[in-house]
Amino acid sequence: MKQVWKFTAAAAAVLCFAGGALAADRVMDADIVIVGAGAGGMTAGAAAVDNGLKTIVLEKNAVVGGGNYMEGTFAVGSTLQKADNIGINPERQFKRVMDFHHWRINAKALNHWLKQTGPTMDWLADHNIHFEAVKTAFIDGTRTWHMYKGGHGTVLIQEFTKQIKEKGGQILTSTPATELIIDNGIIKGVRARTADGSTLTINASATIIATGGFSGNKEMVQKYLPYAGYESAGSSGRTGDGVKMLESAGAKLVNMNVCMQAGLWLKDVPTDLQFGKDGVTNAHYVRLLAALFQPYLKTSLRGDRVADETLPLEYISNAYEEVGGEGFAVFDNATREEMINEGLVRGYFGMVTPGTKFSNFDELFARGEKDGFCFKAATLEELAAKTGMDPQRLTATASRMNELVKLGKDEDFYKDAQWLREVKTGPFYAIKGSLRMYATTGGASVNENFQPLNADGEPIPGIYAIGQDAGGLYSDSYDMHIAEGTASSWAINGGKLAVEHFVKTRK
């Protein structure tokens, strides 16, 4: 029988003296324990210590920060929007989102969350987290994306880390939660594993699950998502721990087949080599990613054209899910020269700006050939042989594209004619891409207070699910084009609202 220690200074001293060799199980007590130290978890932690709660935040990784990659977050009716005369409010956004998802999402939770997003911006400002502008990544997008002052979500993570510690909260890194403590259907805390291998039992009146979904769990991706090869472009550590714990508590899982679709990325290239600020970070291949993103011909692995290449990420991702999740950007030497001399007509969000002249195209493309995702050939038949495309299909696709250019109209998918380009002047080029995602979005069905619901629609006592562990915000597609930044906002607001509900209803 293992000895259970109350975690005191004396116990810690003994453990230190033992050098971990006599690692013993430990017990801690808290008002609230938060599993996951990303944007949602850290917001929940800050809200908890604000309310004087004894707070413990657990993080499986060695450092906090699942929200570090955020450039901005979603809100409607904020002070910034009103100051910039952006005519959007919760009611208008509610109707747009519900129409987009054909009323197959959690309308009550959506409405409650939307109404809180504006006030939460003021709350964040009161906590020294500021936004510099409201932007959109799309020419015709909705300006809901509030950009962090400083450029990314690290400012939120760092500020809340400091505030949690200053107000008496504890953040335990390298301490993954392993299971919920369930007593007669009531969640009463969690058990975790510490770095020295011992078990840490945390008894708590409320548990918040904020582990970020399952994008890093290949088995769950294969089980739930339409394309089994989806890779994660987001933070590490999102291995479905929270979703599994919620399921063990009896939570009903919803929308498990949905993810935050990121479109086609360079096939088999590590994220940090292609996703980063052009010329600033070590993302050496970001211009090739931008070239893959251009609004020109894209094909399936067989060589067929797939869709209007200017579609928003979630739409083009859906189209590629239907043809196997992979494909090629195909162009000729004339388009290559256009990218070099006139510039890339589409930027890649904030990483590559529109009009960037791809002056180092040949150098990067040659590196891509060595790494196996770029292909160059004198003829289309040779290009098909190198890429594995069907030569008859590829040549037919190119011929059809040339016809559409002469016609001056895309009669197949109705893409704006200004983006039509011939594919007839050799040599010919292909860049291979595969679908990636920023995060999964399926999880526990929740009510407007972020309480997980069981199969009968009843809240499970003692527990909350937020962020990508809470399902119900998306039906079959990510709605990025009309609501940029919703995933991080769902997490941030969820953390704040869950704590507020616990404080309000605490006995």
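## Notes on a predicted model

Student: N257 first. Why does N257 count as partly exposed?

Tutor: This is a predicted model, and in it N257 counts as partly exposed because its relative accessibility is 36%. The class covers values that are neither under 20% nor over 50%.

Student: Where is N257 found?

Tutor: In the loop between β12 (253–254) and β13.

Student: Which residues does N257 touch, leaving out those up to four places away in sequence?

Tutor: Y224, L225, P226 and S475.

Student: And how far apart are the C-alpha atoms of N257 and S477?

Tutor: They are separated by 9.1 Å, with the two positions 220 residues apart along the chain.

Student: Switching to cavities. How many of 30 Å³ or more does a search of the whole structure find?

Tutor: The search finds 2. About 110 Å³ of space lies in the largest cavity, and about 40 Å³ in the second largest.

Student: Which residues line the largest cavity?

Tutor: The lining is made of A262, G263, L264, L292, F293, K298, E309, L311, L313, I316, R346 and Y348. By class that gives 8 nonpolar, 1 polar and 3 charged residues.

Student: Which elements each supply at least two residues of that lining?

Tutor: β13 (259–266), α10 (286–293) and α11 (313–321). The largest share, 3 residues, comes from β13.

Student: What lines the second largest cavity?

Tutor: A291, Q294, Y296, L297, K298, A329, V330, F331 and M339. They divide into 7 nonpolar, 1 polar and 1 charged. Strand β15 (residues 326–332) gives the largest share of this lining, 3 residues.

Student: Back to α11. Is α11 mostly covered or mostly open?

Tutor: Mostly covered, with 7 of its 9 residues buried. The buried ones are L313, E314, I316, S317, A319, Y320 and E321. Among these, L313 and I316 also appear in the lining of the largest cavity.

Student: What covers the buried residues of α11?

Tutor: The cover includes α4 (90–100), β13, α10, β14 (298–300), β15 and β17 (428–440).

Student: New topic, α2 and α6. How do their axes cross?

Tutor: Helix α2 (residues 39–50) and helix α6 (residues 154–166) have axes that come within 9 Å and cross at roughly 35°.

Student: Left-handed or right-handed?

Tutor: The crossing of α2 and α6 is left-handed.

Student: Which residues meet there?

Tutor: From α2, the contact uses A39, M42, T43, G45, A46 and V49. On the α6 side are L156, I157, F160, T161, Q163 and I164. The residues of this contact divide into 8 nonpolar, 4 polar and no charged.

Student: Any reason for the spacing in such lists?

Tutor: An α-helix has 3.6 residues a turn, so residues three or four places apart point the same way. In α2, M42, A46 and V49 are among the residues that meet α6.

Student: Where is K162 placed?

Tutor: K162 is in helix α6.

Student: Why is K162 classed as partly exposed?

Tutor: Because its relative accessible area is 40%, and partly exposed runs between the 20% and 50% cut-offs.

Student: Last one. What separates the C-alpha atoms of K162 and K415?

Tutor: They are separated by 49 Å, and the two residues are 253 residues apart along the chain.

Notes. Residues numbered from 1 in each chain as written. Predicted model: local features only at pLDDT ≥ 70, side-chain atom pairs only at ≥ 80, totals over all residues. Heavy atoms only, no water. Axes fitted to C-alpha atoms, helices over the stretch in contact; angles between N-to-C directions. Helix = DSSP H or I, 4+ residues; strand = E, 2+ residues; numbered from the N terminus. Left-handed = near helix turned anticlockwise from the far one by under 90°. Contact = heavy atoms within 4.5 Å. Nonpolar A, V, L, I, M, F, W, Y, C, P; charged D, E, K, R; others polar. 1 Å grid on protein atoms, 1.4 Å probe; cavity = no way out; pocket = protein on both sides within 12 Å on 5 of 7 lines; lining within 4 Å. Points joined across faces, edges and corners; volume = space filled by probe spheres on them. Buried < 20%, exposed > 50% of the residue type's maximum accessible area, 1.4 Å probe, protein only.
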